[in-house]
Structures are given as structure tokens and as C-alpha cells.
Amino acid sequence: MTGDRLVADIGGTNTRLGLARAGQLTAASVENFRNDDFARFDDVLAHYLSRRVGAQIADAVIAVAGPVHGGQACLTNRDWHFDEAQLSRSLGGRPVSLLNDLAALGQASGSLGSDSLDAIIAADAEAKGETQALVVGIGTGFNVSPVMMSQGRVVQLDVEYGHICLPADIATQLSARYGLQAAAFTTIEEVFSGRGYAALHALEEARAVPVTDGATAVQTCVQQEFQVFYAGLLAVLTRNLMLAFLPRRGIFFAGGVARNLLATSAKATFVDIVRKQFDLNTVGAVPVHNILDDAAALKGCAVYAR
């Protein structure tokens, strides 16, 4: 293939566009746009290309924060729809591939360097030869993307993990802490997402016992205690995911919830729980990373092989 690959990462709030060649993202080509400034993605695309008049577009790979099926996709949190055939016509007949955004991160997971990752639990030498990994997206919603390295290519499965019932070991902890109010949290996404974090934090504030150091001290104490509790919940979920998917090459968290939480002192609680030995010795030591690179999905689109 000669020419540039147009790559895009389309979220509910922002869209990133860039150009790649030979599997490498051209950093200077990347631009970020607010979706509220455009009526549809076609308008974003036209605006970007108007600033890249000399670009020789060979094909396009577009990551969308929503379900992708049969060459079509839609954003989960915005009324934008995508069709590979229609997008191809907009690009003069160039081939277009749509990917789920977590799938794009899965494509990138094998090539992200240490500057793009925060190693929560570092990989050992044995993990580097493993083929299975798992991308876990905790942001507006929750989902996972199982990844396998196969003959130099990255293959991933489409799943909808956020909508399954909340595991009993997590539901029990919520009930013990919040009583009958915990019954409102029935799925994984209702706990592990931005809105889930906010809803549980509101319950935490309601149950807080005031201290004598003033309002600021109360708020700080509640926040720190809640972060430790939530990190423990996330650690239990992470162990469940390790058992379910055996991602010995690593778990890669994406999204602001895990990134922000595991940058606090609550990280120690998470690590202590996750590192406990499993009854099944087939799991082994699984490295855990936070993806820090905002261009990671674009890099995944750049290396994607049709």
C-alpha cells in the first residue's frame, strides 16, 4: 500500500484524526476536535482533510466508542452513525475499516512502549512470550477486549462484558457497606464506570461520620477512604478477569477511572489484592498497566491489518 492511512479515534466528546504510513503514526498530523462543534463525523473529516490538501490517502481505519457490526457502527453516547461503504464514497472509493475503540487499543497493546504505559504490576520475563492480553476500558461505560497475538498479527474478540450481572464477591462487599442501597447496582458497568464511581461516591458521602477537623478534613477523609474501598473492588474484578481470560501477557486499563484511581495512594491496596496467589496455578503472574498515551487508539488503527 502506498500513501497515507487516515486514522481516527471517535469518542463521545472528542475526535482525534491523524495520518499513518507503514504502520507508524505521524505525530505532527494528529489533531483533536470537540464533537459539539460538528453535526456529524463527515463534517469533522471534511474539515481535517481541508487542512491536509497534499495528503495521499490510501485507506482509512476508524475507531468508534460504540458497537461495530457488519461494517456499521454508532457512538454509544452521541447520535452519530457510521457506515464503511458510505465513508469509502466520501474518500473517493478508498477502503475503510471500522473498529471498536477498545479493539483499536488491543491492536496497539503489543507495540506500546514504557513511555505510553504506567506499570501497575510489572511484567516478568516469562510474560513477554505470552500471546493473550486484555484491554479493559473504564470510562463513560465499561467493556473489555480480549487480545491474542497470532503469527505477528493482533486478533481480538468482540464482547459486551459491562452488561453482565455483578459478580457475587463484589455485590457482597457493596451490600456490607451500603445496605439496601447496593441493590441499585446490578451490572459491572453500573459499578465500574465514571457514573458508577460517582454514584458510589455519593453513597459514601451520605454514610460519612463527621470529624472535628472541619469540612475540608471530612471531605479529604471520605475521599481517601472511598478510593481505597473502590480500588479493592477493582482489584477483585481484575482477579475475576484474570481467571476468565487468562491474559498472561497483561491487562491494559484504558480510560480515566483506572488511570486516576491508580495514581493515588489507593494503588497499594489494588496491588496487594491482585498479587495474592490463585488457587489455580494456571493463571500465573499477570502484569497490569495503565495506558497513558492518548494517541494509543490511533496507533492501533495504524498497525491494523485487514
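Reader: What is the relative accessible area of Cys74?
Author: Buried means under 20% relative accessible area, exposed over 50%, and partly exposed in between, with a 1.4 Å probe and protein chains only. Cys74 falls in the partly exposed class. Its relative accessible area is 26%.

Reader: What kind of model is this?
Author: Residues are numbered from 1 along each chain as its sequence is written, and side-chain values use heavy atoms, with hydrogens and water left out. Local features need pLDDT of at least 70, side-chain atom pairs count only at pLDDT 80 or more, and totals for chains, interfaces and linings use all residues; this is a predicted model.

Reader: How many disulfides are there?
Author: A disulfide is a covalent bond between the sulfur atoms of two cysteines. Here the rule is a pair of cysteine sulfur atoms within 2.5 Å. By this rule the number of disulfides is zero.

Reader: How far from the sulfur of Cys74 is the nearest cysteine sulfur?
Author: Cys74 is in no disulfide. The nearest cysteine sulfur belongs to Cys301, a residue that is buried, with a relative accessible area of 0%. The distance is 17 Å.

Reader: In what order do the strands of the five-stranded sheet lie?
Author: Helices (H or I, at least four residues) and strands (E, at least two) are DSSP runs, numbered from the N terminus, and two strands pair if DSSP finds at least two bridges between them. The sheet is open and its pairing is mixed. Its edge strands, each pairing on one side only, are β3 (24-34) and β8 (96-100). The order is β3-β2-β1-β4-β8.

Reader: Which residue of β4 is the bridge partner of Ala8?
Author: Strands β1 (residues 4-10) and β4 (residues 57-64) run parallel and are joined by seven bridges. In β4, the partner of Ala8 is Ile62.

Reader: At what angle does helix α10 run to β1?
Author: Axes are lines fitted to C-alpha atoms, for helices over the stretch in contact (heavy atoms within 4.5 Å). Angles run from 0 to 180 degrees between N-to-C directions. Helix α10 (residues 296-303) packs on the sheet and touches β1, β2 (14-21), β3 and β4. Its direction and that of β1 make an angle of about 140 degrees.

Reader: Which residue of β8 stands opposite Ala60?
Author: β4 and β8 pair in the parallel sense over five bridges. Five of the five residues of β8 are buried; Ser97 and Leu99 point one way, and Val96, Leu98 and Asn100 the other. Opposite Ala60 stands Val96.

Reader: Which strands form the edges of the six-stranded sheet?
Author: This open sheet has mixed pairing and the order β9-β14-β13-β10-β11-β12. Neighbouring strands are turned against each other by 25 degrees on average, direction ignored. The edge strands, each pairing on one side only, are β9 and β12.

Reader: Which residue of β12 stands opposite Val147?
Author: Strand β11 (residues 142-150) pairs with β12 in the antiparallel sense, over four bridges. Opposite Val147 in β12 stands Gln156.

Reader: At what angle to β11 does α3 run?
Author: Helix α3 (residues 101-108) packs on the five-stranded sheet, touching β1, β4 and β8. α3 also lies across β10, β11, β12, β13 (250-254) and β14 (288-291). The angle to β11 is about 35 degrees.

Reader: Which helix gives the most to the largest nonpolar core?
Author: A nonpolar core is a set of buried Ala, Val, Leu, Ile, Met, Phe, Trp, Tyr and Cys residues joined through side-chain atoms within 4.5 Å. The largest has 46 residues, of which Leu174, Phe192, Leu200, Phe253 and Phe270 touch the most other members. The helix giving the most, with twelve residues, is α7 (residues 215-245).

Reader: How many residues are in the other core, which includes Val61?
Author: This core lies apart from the largest one. Its members include Val61, Ala104, Phe252 and Ala296. The count is 26 residues.

Reader: Why is the pair of Phe41 and Phe82 given the class it has?
Author: Rings of Phe, Tyr and Trp (its six-membered ring) pair if their centres lie within 6.5 Å; planes under 30 degrees apart count as stacked, over 60 as edge-to-face and the rest as tilted. Phe41 is in helix α1 (residues 41-50) and Phe82 in strand β7 (residues 81-83), 41 residues apart. Phe41 is buried at 3% relative accessibility, and Phe82 is buried at 4%. The ring centres are 5.6 Å apart and the planes are at 55 degrees, so the pair is tilted.
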